[in-house]
Amino acid sequence: MDTIVVNHIAKYFGETQAVKDVSFHVRPGEIFGLLGPNGSGKTTSIRVILDIYQPDKGNVTILDGPMTEEKLNSIGYLPEERGLYQDVELTRNLTYLATLKNMTKEEVEQKLPTWLERFDLSEHQKKKTKELSKGMQQKAQLIAALIHEPEIIIIDEPFSALDPVNTQLVKDLLIELRNQGKTIIMSTHQMNQVEKLCDRLVLIDDGTVLLEGSLKEIQEQFATNQVLIQSDSDLPENLPGVERIEQEGLYYRLTPSDGYMPYAILQELIDQKISLNSFEIAKPTLDEIFIKVVKEGRNGNEEDN
Amino acid sequence: MKKIIDVARYEYIHHVAKRRFWIALLGMPLGFLLIMALSVLFSYLSFDNEPVGYIDQANLITQPQEVPEKIGFTDIFIQLLPYSDEDSARTDTENGKLQGFVVIPVGYQSTYSVTYFSNKQPSSDVVRQINRLIRENMLLQEQIPHLERIEAGSQISLQSLDGSQSSDGTGWHRIFVPILIGILYFILVMSCGGYLLQSLVEEKQNRTMEIMITSMTPNQLMIGKIVGNLGVGFTQILVWVVILAIGLLVFRDRLPFLGDLNLSPGYMAISLALLVLAFIVSAGLISIIGATMSTVEEGQSVNGLMVMPTMLPFYFFQTFLTNPNGIIPRILSYFPLSAPFSLSLRMAFTKIPAWEIISVFAIQIISIALVFWLSGKAFRRGLLEYSKKLKLRDLFVKEASNG
């Protein structure tokens, strides 16, 4: 049974159609990437999932049924627009938001110190939110989304205000939560994080789904047989079986000629006694796939129009 | 229910725990007392209580002015001293022993004119005391029986045509409770409505709202906020009522009308219940404003409009007194935002049929349902519209979007 099924939802705002036709499903215990450029309909889709907006068409199934108050309690949400009471001290802020997720005050008092410790916020717990840095506020917001141990976690741009140390902290936490069997939907523009964390993803633009699947499936789908090599030697201008050689920093990207496979290029490099530090099949990055798919999608739409 | 209580508790503590709440709370009665004290002090300082002399050339004054045994701080008394001749009175005036002197000439009974000698105008109190001295002495000569009682005037008893309402006084004290209800209602809408509006718009501005409405339904959130702010209002009122009660208790001997106040349980229950219901309607409307506004400043200017209907009965006060069952008092009783003061005021002066009271309550309850339904829509559509103001018609035709 899928944890979340989004079934052909559409959402209008007056004349504007924010979501035209979005469908995807999220499996239990996976990190699911919800990707798309700005204004593509991601936030609206999330709000439909959370029952903030009613869809004009289609429906959403959460844990095998419609949204209920009880299910809301089992969802942790980190919205794109962060929100904490600015004039209220951190502990009180988090206690209040946690009680709204049906925790008792005693439960919060028991669990909050561990969370504050983990996010290095213990010594700031008596400070007002406005006295905390942006990164600290973001970590506090994450605590608010997670302290009630939700089954489903929906996080919008979780790394946006974090330094590399805290980014790693949050990544480790997300992996840990996935290992505990929690289902996570993550919306972000940071494709490198998606590559490292997400099991599956959906890419939407202009309110429609452009791509859905596991990272491996998608990368294979867009693979080009290019190889990446690292070498201390200079490469000859022409290599048999290689159509194009491009230097990318320390790497060379080699595009095979028609009919040539990567292993044939490797054989050629060995034959020419070129020293190799590394040789790998170049998978397209998610960034590249993202740009390619969005561009193609938009060109297709223009042609349709 | 737990979430409603959690929200209400948070709202209540959030406001009541603030120092500025208590400064405002105690500042109002203290400020009022300070103004009262200053006005008394200024009156006292500007009051000239030096004696006034009189020369009775007409031989009218057989009974001199009665000097009270005890003169209180606020009592106005100017002693009138008899003088045999103008010269000695003039000397005392020039020496500052008198503020002036009056000559009652021979033939006063035909001219009814006296001359007051002084370098400054006589105060109204001086004029009143001189007139009283002359009048009382002239009436004494007429040998009128029960003179004192006649001067005191008649005791007028009032009774409604159907005999259901009666009063043994002039009735002014009966407006005490309705006015108190009107003032309390005004304060509730003004201050608690303001708190509610501020809380909603702030949650919108600081983006907490999106978390709130993914934890509970919009109506739960709204009810919690209204209950919490109502609690803040009642705390305010309770403190003021206690201060007022202490004041009335201390000065009860000087406020004889207190015994005549209509504090019957039925009357008080209807007035207070209507006060709470009307505040809920106002709070619902304020929530709609809060949901559609994007800054606190915008909301506050619109909130001023919410306060105006609470004051409507004040503008038609005379109509309420002269014709409590007239068309305007009736309309204002049915209008949800002016009902508490209007109905309470009418009930003080006339008997209202039960069906009319029930209708007023029914309209309040229907209004609450309507306002809650509308504010539920406003919450869903307006609370996530961070950057621009939502128009009221948008609640019916479109939803807000952030992409």
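This is a short walk through a predicted model, starting with confidence and ending where the two chains touch.

Let's begin with how far the coordinates of chain A can be trusted. Its mean pLDDT is 86, and 98% of its residues reach 70 or more. Within chain A, strand 7 (residues 183-187) has the highest confidence, at 93, while helix 10 of chain A has the lowest, at a mean of 73. Where pLDDT is low, the predicted coordinates should not be read in detail. Please keep that in mind when we come back to this helix.

Now turn to the beginning of chain A. Strand 1 (residues 4-13) and strand 2 of chain A run antiparallel and are joined by 7 bridges. One pair to look for is Ile9(A), whose bridge partner in strand 2 of chain A is Val22(A). These two strands form a hairpin with 2 residues between them, and Gly14(A) in the turn has a positive phi of about 65 degrees. Strand 1 of chain A has another antiparallel partner in strand 4 (residues 57-62) of chain A, to which 5 bridges join it. On that side, Ala10(A) is matched with Lys57(A) as its bridge partner in strand 4 of chain A.

Further along chain A you will find an open sheet. Its 4 strands come in the order 11-12-10-13, with antiparallel pairing. At the edges sit strand 11 (242-248) and strand 13 (278-281) of chain A, each pairing on one side only. From one strand to the next, the twist averages 20 degrees. Strand 10 (residues 227-230) of chain A meets strand 13 of chain A over 4 bridges in the antiparallel sense, and there Val227(A) stands opposite Ile281(A). Helix 9 (residues 262-271) of chain A packs on this sheet and touches strands 10, 11, 12 and 13 of chain A. The direction of the helix makes about 120 degrees with that of strand 12 (251-256) of chain A.

After the sheet comes helix 10 (residues 286-304) of chain A, where Leu286(A) has its place. Is Leu286(A) buried or exposed? Leu286(A) counts as buried because it has 23 C-beta neighbours inside 10 Å. Beyond residues up to four places away in sequence, Leu286(A) touches Met191(A), Val194(A) and Glu195(A). Val194(A) is 92 residues from Leu286(A) in sequence, yet their C-alpha atoms are 8.1 Å apart in space.

What about the nonpolar interior? The largest nonpolar core has 124 residues, and among those with the most contacts inside it are Leu94(A), Ile143(A) and Ala278(B). Helix 10 (residues 265-292) of chain B provides the largest share of this core, 13 residues. Leaving aside neighbours within four places in sequence, Leu94(A) is in contact with Leu112(A), Ala140(A), Ile143(A), Ala144(A) and Ile147(A). A second, separate core of 14 residues includes Tyr54(B), Ile55(B), Ile130(B) and Leu133(B).

Chain B itself has 16 helices and 6 strands. Of its 403 residues, 33% count as buried.

Finally, look at where the chains come together: 28 residues of chain A are in contact with 24 residues of chain B. Several elements of chain A each supply at least two residues to its side of the contact, among them strand 2 (16-26), helix 1 (42-49) and strand 5 (75-78). Helix 3 (90-99) of chain A is on that list too, and it gives the most, with 3 residues. By class, this side of chain A has 15 nonpolar, 9 polar and 4 charged residues.

Notes:
Residues numbered from 1 in each chain as written. Chains lettered and ligands numbered in written order. Predicted model: local features only at pLDDT ≥ 70, side-chain atom pairs only at ≥ 80, totals over all residues. Pairing = 2+ DSSP bridges. Axes fitted to C-alpha atoms, helices over the stretch in contact; angles between N-to-C directions. Contact = placed C-beta atoms within 7 Å. Nonpolar A, V, L, I, M, F, W, Y, C, P; charged D, E, K, R; others polar. Buried ≥ 20, exposed ≤ 12 C-beta atoms within 10 Å, placed from the backbone. Core = buried A, V, L, I, M, F, W, Y, C linked by C-beta atoms within 7 Å. pLDDT = per-residue confidence, 0-100.
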